[in-house]
Amino acid sequence: MSTEGLVMSDKSEPQGYWYGLESRKQMGAVDVLNALRDYGSAEAGMRRRTQASMGMGETDLMALRYLLEAERAGRDVGPKELTVRLGITSASMTSLVDRLVRAGYVTREPHPTDRRALILRPTPGSDEEVRSTLGDMHARMMEAAGSLSAEESAVVVEFLRRMRSAIDGVAT
């Protein structure tokens with residue numbers, strides 16, 4: 001068993017995080033949690049590199065991804081919908097849209113039926129830039145996920161759903 005990320009006690013026995021291990025099963029669970037932590041760190045690093053290469057923050061990248069997905073689905077998105085989706089204030093949305101427009105990733109267009117409203121559209125070049133920046137990484141991730149059997153996929157998906165529930169249940 002790898003002891004990376006584990007705390008060592010006075011008896012030089014691996015302990016997971018801040019709690020002791022009473023069984024081999026717990027040692028396996030700690031290995032899973034350590035692998036999950038390592039994945040989270042790698043993903044955070046990838047996000048930082050992507051944001052730096054595209055010159056935008058995480059919320060900007062999330063907004064652009066949402067607009068690209070909506071465009072592919074044939075849906076119009078306005079600032080109000082994006083504000084709700086991202087969980088930010090309308091003032092923050094105004095700044096975000098201003099940044100994306102200045103950077104050439106998004107355009108503001110008049111709503112076809114409501115002249116008081118706007119539609120946000122990704123520019124044609126933004127889709128290509130996101131694809132060129134993230135395409136290789138997504139292909140490698142799909143290859144790794146695609147190597148799982150249907151049964152393994154089901155186990156991983158169920159595990160990640162349970163982990164999300166465990167994390168969502170943490171009071172702030």
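A residue counts as buried when its relative accessible area is under 20%. By that rule, 23% of the 172 residues of this protein are buried. The model is predicted.

**Overall layout**

The protein has six helices and four strands. Along the sequence they follow the pattern β-β-α-α-α-α-β-β-α-α. Take the contacts between residues at least 6 apart in sequence: 42% of them join residues at least 24 apart.

**The nonpolar core**

The largest nonpolar core holds 23 residues. Which residues have the most contacts inside this core? They are Leu64 and Leu82. Five elements give two or more residues to the core: α1, α2, α3, α4 and α5. Helix α2 gives the most, with seven residues.

Here are the residue ranges of these helices.

| Helix | Residues |
|---|---|
| α1 | 24-54 |
| α2 | 58-72 |
| α3 | 79-86 |
| α4 | 90-102 |
| α5 | 124-146 |

Now look at Leu64. Set aside residues up to four places away in sequence. Leu64 then touches Met54, Met56, Tyr105, Val106, Pro122, Ser126 and Val130. Among these, Met54 lies within the range of α1, while Ser126 and Val130 lie within the range of α5.

**How α3 meets α4**

Helices α3 and α4 pack at an angle of about 110°. Their axes are 10 Å apart. Angles of 65 to 115 degrees count as roughly perpendicular, so α3 and α4 are roughly perpendicular to each other. On the α3 side, the contact is made by Pro79, Leu82, Thr83 and Leu86. On the α4 side, Ser90, Met93 and Leu96 take part. Sorted by class, this contact has five nonpolar residues, two polar ones and no charged ones. Leu82 thus appears twice in this report: it helps make the contact with α4, and it is one of the residues with the most contacts inside the core.

**A buried acid: Asp60**

Asp60 sits in helix α2. Is Asp60 buried or exposed? Its relative accessible area is 5%, so Asp60 is buried. What does the side chain of Asp60 make a polar contact with? The partner is the side chain of Arg99, at 2.7 Å. Leave aside neighbours within four places in sequence, and Asp60 is in contact with Leu96, Arg99 and Leu100. Leu96 has been named before: it belongs to α4 and takes part in the contact with α3.

Conventions:
Residues are numbered from 1 along each chain as its sequence is written. This is a predicted model: local features need pLDDT of at least 70, side-chain atom pairs count only at pLDDT 80 or more; totals for chains, interfaces and linings use all residues. Side-chain values use heavy atoms; hydrogens and water are left out. Axes are lines fitted to C-alpha atoms, for helices over the stretch in contact, and angles run from 0 to 180 degrees between N-to-C directions. Angles under 35 degrees count as roughly parallel, over 145 as roughly antiparallel, 65 to 115 as roughly perpendicular and the rest as oblique. Contact means heavy atoms within 4.5 Å. Ala, Val, Leu, Ile, Met, Phe, Trp, Tyr, Cys and Pro count as nonpolar, Asp, Glu, Lys and Arg as charged, and the others, Gly among them, as polar. A nonpolar core is a set of buried Ala, Val, Leu, Ile, Met, Phe, Trp, Tyr and Cys residues joined through side-chain atoms within 4.5 Å. Buried means under 20% relative accessible area, exposed over 50%, partly exposed in between (1.4 Å probe, protein chains only). A polar contact is a pair of N or O atoms within 3.5 Å; within protein, one must be able to donate a hydrogen and the other to accept it, and residues adjacent in sequence count only if both atoms are side-chain atoms.
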